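Visitor: I am new to this structure and would love a close look at a single part of it. Could you take me through the aromatic rings and what lies around them?

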Amino acid sequence: MSISRRDLLKGAVVAGAATAVIGEAEAREEVPDRPDAVGMLFDATLCVGCRACQTACKKANDLPTDTVDANGGVYDAPADLNGTTKNVIKAVVDDGKNVYMKQQCMHCVDPSCVSVCMMGALHKEGEGKRDCRTDQGGEVKGTGIVLYDKGLCVGCRYCQIGCAFNVPKFEWTKALPRIVKCELCRHRADPKKTGPLAVANPACCEVCPRGAVIYGKRADLLAQAKQRIAADSKRYNPHIYGETEGGGTQVMYLAPPALTFKQLGLPELPEESSAHFSETMSHRPYLHGLTPIALYAAMAFVINRNKKAEEAGHGEEGK
Amino acid sequence: MDNLGSQVIAVQETDKGVSRRDFIKVCSAAAAAVGMPAWAGEKMAETVGKKKPSVVWLHFQECTGCTESLLRTSHPDAGTLILDLVSVDYHETLFAAAGKQIEEALEDAKKAGGYVLVVEGAIPRKEDGIYCIVGGKKATDSLVECAERAAAVICIGSCASWGGVPSAKPNPTDAVGAPEILKAKGIKKPIVTLPGCPANPYNLLGTVLQFATFGTLPKLDDLGRPTFAYGRVIHEDCPRRPHFDNGRFAQAYGDEGHRNGWCLYKLGCKGPQTHANCSLLSFCEVPGAWPIGIGHPCIGCTEQGIVFNVPINQNLPIDKPTAPMAYPAVNPEHGVVAASPVAVGLGSAIVGALAGAGFVASKKLSAADSEKGQKE
Amino acid sequence: MSAHDHPQAIGGKVLDPLMTTLLAIFAVAAAVMVYRFFAGIGPVSNMTDGFTWGIWEPVNVVVFTGIGAGAYGVGLLCYLLNKGKYHGLVRPAVLVGAISYTLGASSIVVALGRYWNAYWLPWVPYWNLGSALLEVAVCVLSYVLVLWVEVLPSVFDGAAASASPSWAAWGKKWGARLAAAMPFIIALAILLPTMHQSSLGGLMLIAGPKIHPLWHTGLLPTLFLISCLSMGYGAVVVLVNILNLTWNAKQDDKLFADMSKVNAGLLFLYVALRLVNIVLNGKLRFFQADFPTFLFLFEMALFLAPAFMFLTVKGSGQRGKLFGAALLAIAAGAFYRVDTYLTMYRPVGWTAEGKPFSAGWDYFPSLGETIVTVGMAAVGIAVFIFISRKFPVVVVGDRAHSNLSGGQTAAGR
């Protein structure tokens, strides 16, 4: 073996010590639920699949109609979220009847997309790198709405990989493509109003004839959801999806008892957000940047010493 | 009083100077108006010409709206109906007679039997039914007696069909529809219910004229409603349906959407669960003379569980989504990426080429080595 | 046959048939890339919202840079662990590294949807430090620069050896200055890949539910780091053997055998770590009669076969076996990467039993994507050939100059 046993041992000791130190490094902090967080509550037992929310979303966001092709068996409406659709209604057949599912950005409490976005193009309102809503009264910190700043986005599409709900979509056929997703109609907010409508006004909630999807502060919506379950427990699956899943989401779901949320298309997630897991794992070795610096210093020193030793050796040996 | 029903049409014709041809025209028009085939007009003229069917019309807890509604028909008009097509042998609203004379007419009709009994209004059962007494007779008794001698029973209007307004909570008189009374008394006659508030008079005309012509009743559903009129819900035939399908709802009375005639679902329209044909068969031949037509959400006046029960501004789920409501699945197919044969071929060729080249190079090196080994 | 032979420019006709073919392939790829910039990524590829990175990320970026990790691996052995005998391998390894990293970076530009916003990357205040991809991007771009700086000694030596006196003086002067700064550059050249090669594994940490449980683990960064070194060492062996076959490059089989023992150690370490991790996390139940299990076993075979072959290869006379094993080592790392990023990735994830949820998404690389990947590889080879012909990179005979003491001869170790 070309590496001596001694070298190997040295290396092992160092590695072992390093691991011990690294293991003690603090995990990345938990992201708290912001007190002013706003969101939506979708009650699948109320939705009748009229899809007014789909139309209203298109209108409110100036999105074109989808090209007609027989995707997923639907010819006159989008079959899924895509580069021109930020909100879509899907159906699950349960015992001969349809149960409807509204799909759009979940505005997670600790979003994976925000965690992975290199330049913070996707960011929680007011917590990004810069204000991307200057023309709409500026960003308001604390709402927790996940906004998209196309000026910083490089189109790497890592957000699509990271999002457990597969929400961000990409404009594949454009030369100047963007990432497209629901932004809670932040642009429809009326700063003159009080309450949550001052920061956002989702068109889907406004138009829904059944009140199946409603808008408000996350804390209020959570309380409302709990109230509904308590008032009519036979009507609901006792779990509120989004309360804790993946660190919690600001858009929450109620479902009828016969269906699981997985059947509605919502993934089963642990309480720890993916962002927390990934960042903790990735950051552990770095020790807040100490490790690279220390490593660099050590290596530069060693290499330099090796070079000097070699030059000295050459000098002795002559030309 | 002469029983008009006993008169033969031919005599009447000569008396009144109505030609047979005109009479057939009248019957054809009536037949067409209620959706019977063209040849039915002649059959009707033939049948009715022989003997006009007898109709006995009872009023109980009602507003007389259904009768009024009948009076406003024009194809056939009420006059033609009661003078030429049927023999109305008892009708409290339409008869000039009153008191002892009209009650005698009823007794005569009952004695003859075989009439079509039309019931309008609910029947109270509280305290032995004393809350509706007509001509000294309780409604329940009157109904039962007449029904026993009838060929068929037609309940016109929601009140007669299932109780209607009088039966709204708290239902102080314990009002119920005629079918319930008859069932309790074990009277087995064909019963047709024509709910509505008021019922569309053409539903009545269609039923009565079919019976008059062919002696049969239309196909009924499990609530006794003719399926030709009550087989579909308003939502399926609503003229505002395109607005629903496109998510255009009136948000408030008088707003832009309301003024533009958009869907009234958000304002509480019960159309999705209300079986009726109001959008297909105009009341009084005035198109648009129905609630949704004038901009008020349907209140579900034919349905027992809905009208006078569910608040007008509260909407209901849509039981059977109908076309064009097609929905994608939770994970819909996105069009299988047809891995073009060329792409697959190229990809495989490259992988193969790399592996092959590696193998060849390895062999070459071994060969070179063994050569060298031989040399040394 | 000392390890300190002198590298020299190969010379010869640049535009020979091989070169012409490579450039022709690249021309086709370039045409596809131009079209991509006008028509969007969708029309030239089969990438969709479900499989959003296609093969351009896993292959063009992750696999190519894995192959280029030879610079990292050899640098580690030669300069940090002070095994001077590997000096002769440094230049070709560094050149391959520089080229493959440049290919990776260029491919990224083609793969990025809003590439023009990449100018923000150096702007530190806007950095999202939580993003592993940022770390990769910044590190890789810096490392590309460092690698080309590491190529400069060849350039300066070439200039120094030229007939023109001004070039020669220039080459000697800057060669000496660079040599003085080299330790600090090399330290960077070891630090940066340690960071980004592990982060390339870390990229997939966040996609947890979407990666098959046998592939997704907190150890991803470590496993990627170890396997990149394997790929790199394998690539160096393969490269020099090919150079030997084509240009009669000098090669020291004993050296390769020694280096391959290191590689064997890494390969065994990888397998051990991976298996232990699977056992400790209770994932043994995912071994079933299905495709992922087959793929896993295939990967393990790809890692273990070269490991055993490296252990048993003799110091000379078994070049074929060594070459084959080195190829397998590259293949092992490549398969591992493509599997983690693509083959074992499902947009809607995997069930608790390890079956993929049906998601309605499908993917196979399109013609356009394949052409771009092949074209990038082709142009990389073309650049290598060109630089090797013009500058002293490959050892064909004479004594070597060590990179550390640029311009002066060094005795063997």
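Guide: Happy to! Please keep in mind that this is a predicted model. Over all chains, the structure holds 32 aromatic pairs. Let us begin with one of them, made by F244(B) and Y265(B): their ring centres are 5.6 Å apart and the planes meet at 80°, an edge-to-face arrangement. F244(B) belongs to helix 14 (residues 241-245) of chain B, while Y265(B) sits in the loop between helix 15 (256-259) and helix 16 (291-294) of chain B, so this pair ties together parts that are 21 residues apart in sequence. F244(B) has 1% relative accessibility and, because buried means under 20%, it counts as buried. Y265(B) is buried too, with a relative accessible area of 1%.

Now move to chain C. Y101(C) and Y143(C) have ring centres 4.7 Å apart and planes at 80°, so they also form an edge-to-face pair. Y101(C) comes from helix 5 (residues 87-111) of chain C and Y143(C) from helix 6 (residues 132-160) of chain C, so the pair links parts 42 residues apart in sequence. Y101(C) is buried at 0% relative accessibility, and Y143(C) is buried with a relative accessible area of 0%.

Rings can also gather in a group. One aromatic cluster is formed by Y158(A) together with W53(C), F224(C), Y270(C), F303(C), Y336(C) and Y341(C).

Finally, look for charges over rings. R157(A) lies over the face of F170(A), 5.1 Å from the ring centre. The charged end of K262(A) sits over the ring of F357(C), at 3.9 Å from its centre.

Terms used. Residues are numbered from 1 along each chain as its sequence is written. Chains are lettered from A and ligands numbered from 1 in the order in which they are written. This is a predicted model: local features need pLDDT of at least 70, side-chain atom pairs count only at pLDDT 80 or more; totals for chains, interfaces and linings use all residues. Side-chain values use heavy atoms; hydrogens and water are left out. Rings of Phe, Tyr and Trp (its six-membered ring) pair if their centres lie within 6.5 Å; planes under 30 degrees apart count as stacked, over 60 as edge-to-face and the rest as tilted. Helices (H or I, at least four residues) and strands (E, at least two) are DSSP runs, numbered from the N terminus. Buried means under 20% relative accessible area, exposed over 50%, partly exposed in between (1.4 Å probe, protein chains only). A charge sits over a ring if NZ of Lys or CZ of Arg is within 6 Å of the ring centre and within 35 degrees of the ring normal.
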